[in-house]
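Here are some notes on the model you sent. They are set out as numbered points, each on one topic.

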Amino acid sequence: MTALTGKTALVTGASRGIGKAIALRLAADGALVAVHYAGNDEAAGQTVAEIEQAGGRAFAIRAELGVDGDVDTLFAGLNNGLAGRPLDILVNNAAQTSTGPIAETTPEQFDRLYAVNVKAPFFIIQQALPLMSDGGRIINISSAVTRIALPELAYATTKGALNALGRTLAQEVGVRGITVNTVAPGPTATEAQSWMTSSPEMEARVAAGNALNRVGVPSDIAAAVAFLSSDDSRWITGDLLDVTGGCFLGPRF
Ligand code: NAP
């Protein structure tokens, strides 16, 4: 018996990167995992295959977020895969990133970021709540850019919206024993962010920004999400957890 035996989980953006690590970890902890993704069938299939090879259970759901009918498509796939079982854990991880100063951000880019990073999680939660068992878990993946000023302005504001959402929603759904927490990763070396480990010099530079003096990896974030998914976190809600290895805490003397 493992921490999440008998539980079900939906992880958005689970075909690659941090979402994939979260899906692998929740499945290893015993959950049946819905592996959501936008369009990369091969990567999603690989995530499901890795879970199954390790003795876990998973199914994939393809649904691009930020387009008309996105959340309905996602829940059609989820309901099909759950086959009448409740949803215990929701991890809103899928997001779009952007870089650039305010002068270079177009209204179209801004709307797209909000559609994927804010509107989609909001309405995923709305549709998930009736499916969720009392005592369930909602975990939203934010970012350290809500604490540290990096040149990702519009993206940072979408993550700030998620931080606010988590606190207020926690108050609203707490009577059902559902916890809502927000996880803020720092720079994390995914396939898409491979520049962080592109050379020993670059890796050392990124590591030097963290008190723990190494570059974060997706399994670091997945470990925190696994804790917040488990019964051990039952008295924690409305919280924002900085999962950055102490990124930019201050000067190192
Ligand atoms: P990633 O490697 O780029 O993976 C993105 C995942 O989200 C993929 O599964 C992708 O599906 C899916 N996705 C992207 N756009 C989507 C859309 N419009 N609709 C549906 N699914 C979509 O991302 P990541 O770096 O692991 O980031 C995961 C989360 O951590 C995000 O919320 C991000 O903001 C946050 N974060 C990351 C870092 C970091 O350094 N990596 C730091 C702080 C916070 P496909 O494979 O089908 O494209």
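1. Helices and strands are named here as DSSP runs, a helix having at least four residues and a strand at least two, with numbering from the N terminus. A residue lines a pocket if it has an atom within 4 Å of a point of that pocket. Please keep in mind that this is a predicted model.

2. The second largest pocket holds about 200 Å³ of space. It is lined by 13 residues, and those closest to its centre are Val 67, Asp 70, Val 71, Lys 119 and Phe 123. Helix H3 (70-82) and H4 each give at least two residues to this lining. H4 has the largest share, with six residues. By character, the lining of the second largest pocket splits into five nonpolar, four polar and four charged residues.

3. The largest pocket has a volume of about 1300 Å³. Its lining is made of 50 residues, of which Ile 18, Thr 97, Tyr 155, Thr 190 and Gln 193 are the closest to the centre. At least two lining residues come from each of helix H1 (17-28), strand S2 (32-37), H4, helix H5 (153-173) and helix H6 (200-208). The lining of the largest pocket counts 23 nonpolar, 20 polar and seven charged residues.

4. Which residues come nearest to the ligand? There are 32 residues around the ligand, and Ser 15, Ile 18, Leu 65, Asn 93 and Tyr 155 come nearest. Ile 18 and Tyr 155 are also among the residues closest to the centre of the largest pocket.

5. Three polar contacts of the ligand involve backbone atoms of the protein, and each has an oxygen atom on the ligand side. For Ile 18 the distance from a polar backbone atom to a ligand oxygen is 2.7 Å. For Ala 38 the corresponding distance is 3.0 Å, and for Gly 13 it is 3.2 Å.

6. Two aromatic pairs turn up in a search of the whole structure. In one of them, Phe 110 and Tyr 114, the ring centres are 4.7 Å apart and the planes meet at 25°, so the pair counts as stacked; the cut-off for stacking is under 30 degrees. Both residues sit in helix H4 (residues 107-128), and because they are four residues apart there, about one helical turn separates them.

7. Are these two rings buried or exposed? Phe 110 has a relative accessible area of 36% and is partly exposed. Tyr 114 is also partly exposed, at 24% relative accessibility. Both values fall between the limits, since buried means under 20% and exposed means over 50%.

8. Glu 50 belongs to helix H2 (residues 41-53). With a relative accessible area of 26%, Glu 50 is partly exposed. Its C-alpha atom lies 26 Å from that of Gly 186, and the two residues are 136 residues apart in sequence.

9. Pro 86 is placed in the loop between H3 and strand S4 (87-92). Its relative accessibility is 40%, so Pro 86 counts as partly exposed. Along the chain, Pro 86 and Lys 7 are 79 residues apart, while their C-alpha atoms are separated by 8.6 Å.

Notes: Residues are numbered from 1 along each chain as its sequence is written. This is a predicted model: local features need pLDDT of at least 70, side-chain atom pairs count only at pLDDT 80 or more; totals for chains, interfaces and linings use all residues. Side-chain values use heavy atoms; hydrogens and water are left out. Rings of Phe, Tyr and Trp (its six-membered ring) pair if their centres lie within 6.5 Å; planes under 30 degrees apart count as stacked, over 60 as edge-to-face and the rest as tilted. Buried means under 20% relative accessible area, exposed over 50%, partly exposed in between (1.4 Å probe, protein chains only). On a 1 Å grid over the protein atoms alone, a cavity is a set of points where a 1.4 Å probe fits but cannot get out, and a pocket is an open set with protein on both sides within 12 Å along at least five of seven lines; lining residues have an atom within 4 Å of a point. Grid points are joined across faces, edges and corners, and a volume is the space filled by probe spheres set on the points. Ala, Val, Leu, Ile, Met, Phe, Trp, Tyr, Cys and Pro count as nonpolar, Asp, Glu, Lys and Arg as charged, and the others, Gly among them, as polar. A residue is near a molecule or strand if one of its heavy atoms lies within 4 Å of it. A polar contact is a pair of N or O atoms within 3.5 Å; within protein, one must be able to donate a hydrogen and the other to accept it, and residues adjacent in sequence count only if both atoms are side-chain atoms.
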